[in-house]
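The following exercises concern a structure that is shown below. Each task is followed by a solution in steps.

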Amino acid sequence: MLRLTNIEITYDPFIVVIRGLSLQVPRGQIVALLGSNGAGKSTTLKSISGVIAAERGRVTRGTIEFEGERIDNLSADKVAKLGILHVMEGRRIFRELTVLENLKVGLSDDDISTAFDFFPRLKELKDLRAGYLSGGEQQMLAIARALLGRPKVMLLDEPSLGLAPSIINELFKTIRRINEEGNITILLAEQNAIKALEIADYAYVLENGRIMLDGQSQDIMRNRDVQEFLMGLGESGRKSFREVKAYKRRKRWLS
Amino acid sequence: MATLDLITLTQILIAGALTGTLYAPLTLGFNIIYRSSRVVNFAQGELLLIGAYVAYTFTVLVASNLIIGLMLAIIATGLVGPLIERAVLRPLLARPVFAAILVTIGLGISLQGTSQLIWGVTPLAAPVSFPAEPIRIGPIILPSVSVYSALVSTILVSVLLLFYQKTKLGLSMRAAGEDQALAMALGVNVRTVIATAWTISAVSSTVAGVLLSGVFGFVSYYLLFVALRVYVAAIVGGLDSVGGAILGSILIGVGESIGGLLEPSVGPGFRDAFPLLLALIVMMIRPYGLLGTERIERI
Ligand SMILES: Nc1ncnc2c1ncn2[C@@H]1O[C@H](COP(=O)(O)OP(=O)(O)OP(=O)(O)O)[C@@H](O)[C@H]1O
Ligand SMILES: [Mg+2]
């Protein structure tokens, strides 16, 4: 339902960050986008949701299609209205607004109880200014708010960033529930490969703006190189897929 | 000085406060633009000037009925909002606000030029003249225009507060003011938000223009100098607060009143300087302004 075909993303003026990237997110699935710092995960998500324009970036080649419609370089509010909501990196929330007000901004269901069903903790905090929430609570708020927009697709950018392991576990369970019960397709960008693969159906591995590997989660999870580079297991000292011959002739995407 | 009795003092304070409400619509206009986009609008005075000229055109030249003339003027200046958004601000959407702030300086200069081109430099008749007869409340004597301005400001503030707290667009405005990119990602049409803010600001400035030109008895670009006080009022009150805009305006008005009273003994110019002094003191005690919300900084 969401398909990126051979896209190239350029930040102003000529910084090409993503080259020839193709991926697809089928309806109802959780697709993980893995990669270490600077791989281009956020850039990819931002190009889908259109917020990249705020950073003077744009899709300079290729196409992004959503339900058969071209959405590349569409303005962010229009993409949101089509049903793609982006939960940005770093727990972006409106710090000066209360939790309740945050939940009501933009596309939002009049019935906000859904948000509290998935994140009961927020109910107790609803009148507090959001800037005072803890990191985990802010992340919950960011996701809850997107949820109220009744998206078809949710783009999650490193929800685990800076959270304690127990909170991450809880959060990822909720993400799974949002996918299953809320019937929302999810594209999840994560550095935490283990956690992401646990809940994802399919995964892409990104390095230096290119897709190095993709496959069913179980297969990716068992992949020795993924274990080594992204999960910190193994001891060969190699740090990137580029050093691995097998992936040099990376398979061309058939679009 | 020695014979300053209680009634005179009360009189001066009240008159000062009411003078402050004269500035309030303009301060509110400034405030709403800041609040919806964090842009410090250096063209606020020019919006007032254009508003006053447009009101002149419609009340004196076009419509014979004052009320209809004013209505037309308000509609006409309301169109300025979408115009400025489309022509000047849209390319700067979700970019660092600094660029937009610089652009308002340029906007101010070109609005000034345009107004001189259209309406010339000689003072024109004020669109509305207020009754010369002062209004008496017990022993207190007040100029009639102040009473009108107090009334108008009260209405404006109530409407704006309701707008911010109760409407979706008001919430979108507060959200966009904090983070435009995020608001857009949530489906907020930030272009509409900004156009609306400028429309409200332009209309509110027109109201201020009508009131102030009524006080002076003419429309000319002297009004621009009056508008300078508004920047001080807005900052003292707290840039992001409606109540603060009013309070700041009143503080400036009262400051002028007291400064005017002390001017003979202190020296010429004290009437204009004293409000600034007050402002300085307030800012030292409350850097975010009287009612401004403190930024939440968590590290
Ligand atoms: N606004 C920008 N202008 C220029 N280059 C940028 C911009 N934003 C990101 N980049 C570059 O694009 C590359 C990818 O960045 P991106 O933020 O997409 O990585 P990421 O995979 O999300 O990394 P992380 O896990 O650290 O968040 C980086 O090399 C970065 O320096
Ligand atoms: Mg990132």
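A residue is near a molecule or strand if one of its heavy atoms lies within 4 Å of it. The model is predicted, so that local features need pLDDT of at least 70 and side-chain atom pairs count only at pLDDT 80 or more, whereas totals for chains, interfaces and linings use all residues. Residues are numbered from 1 along each chain as its sequence is written, chains are lettered from A and ligands numbered from 1 in the order in which they are written, and side-chain values use heavy atoms, with hydrogens and water left out.

**Exercise 1.** Determine which residues come nearest to ligand 1 and which parts of chain A supply its shell.

*Solution.* Step 1: ligand 1 has 15 residues around it, and the nearest are Lys41(A), Ser42(A), Thr43(A), Glu89(A) and Glu158(A). Step 2: at least two shell residues come from each of strand E2 (15–25) and helix H1 (41–49) of chain A; helices (H or I, at least four residues) and strands (E, at least two) are DSSP runs, numbered from the N terminus. Step 3: the most is given by H1(A), with 3 residues.

**Exercise 2.** Describe the polar contacts of Lys41(A), Glu158(A) and Glu55(A) with ligand 1.

*Solution.* Step 1: a polar contact is a pair of N or O atoms within 3.5 Å. Step 2: a polar side-chain atom of Lys41(A) is 2.7 Å from an oxygen atom of the ligand, and an N or O atom in the side chain of Glu158(A) is 2.7 Å from an oxygen atom of ligand 1. Step 3: for Glu55(A), the partner is a nitrogen atom of ligand 1, at 3.4 Å.

**Exercise 3.** Identify the residues that coordinate the magnesium ion (ligand 2), and state where they lie in chain A.

*Solution.* Step 1: donors are N, O and S atoms within 2.8 Å of the metal (3.2 Å for Na, K and Ca); water is not among the atoms, so sites may look incomplete. Step 2: Ser42(A) (OG) and Glu89(A) (OE) coordinate the ion at 1.9 to 2.4 Å. Step 3: Ser42(A) belongs to helix H1 and Glu89(A) to the loop between strand E6 (84–87) and helix H3 (99–104), so the pair ties together parts 47 residues apart in sequence. Step 4: buried means under 20% relative accessible area, exposed over 50%, partly exposed in between (1.4 Å probe, protein chains only). With 14%, Ser42(A) is buried, while Glu89(A), with 34%, is partly exposed.

Definitions and conventions:
A polar contact is a pair of N or O atoms within 3.5 Å; within protein, one must be able to donate a hydrogen and the other to accept it, and residues adjacent in sequence count only if both atoms are side-chain atoms.
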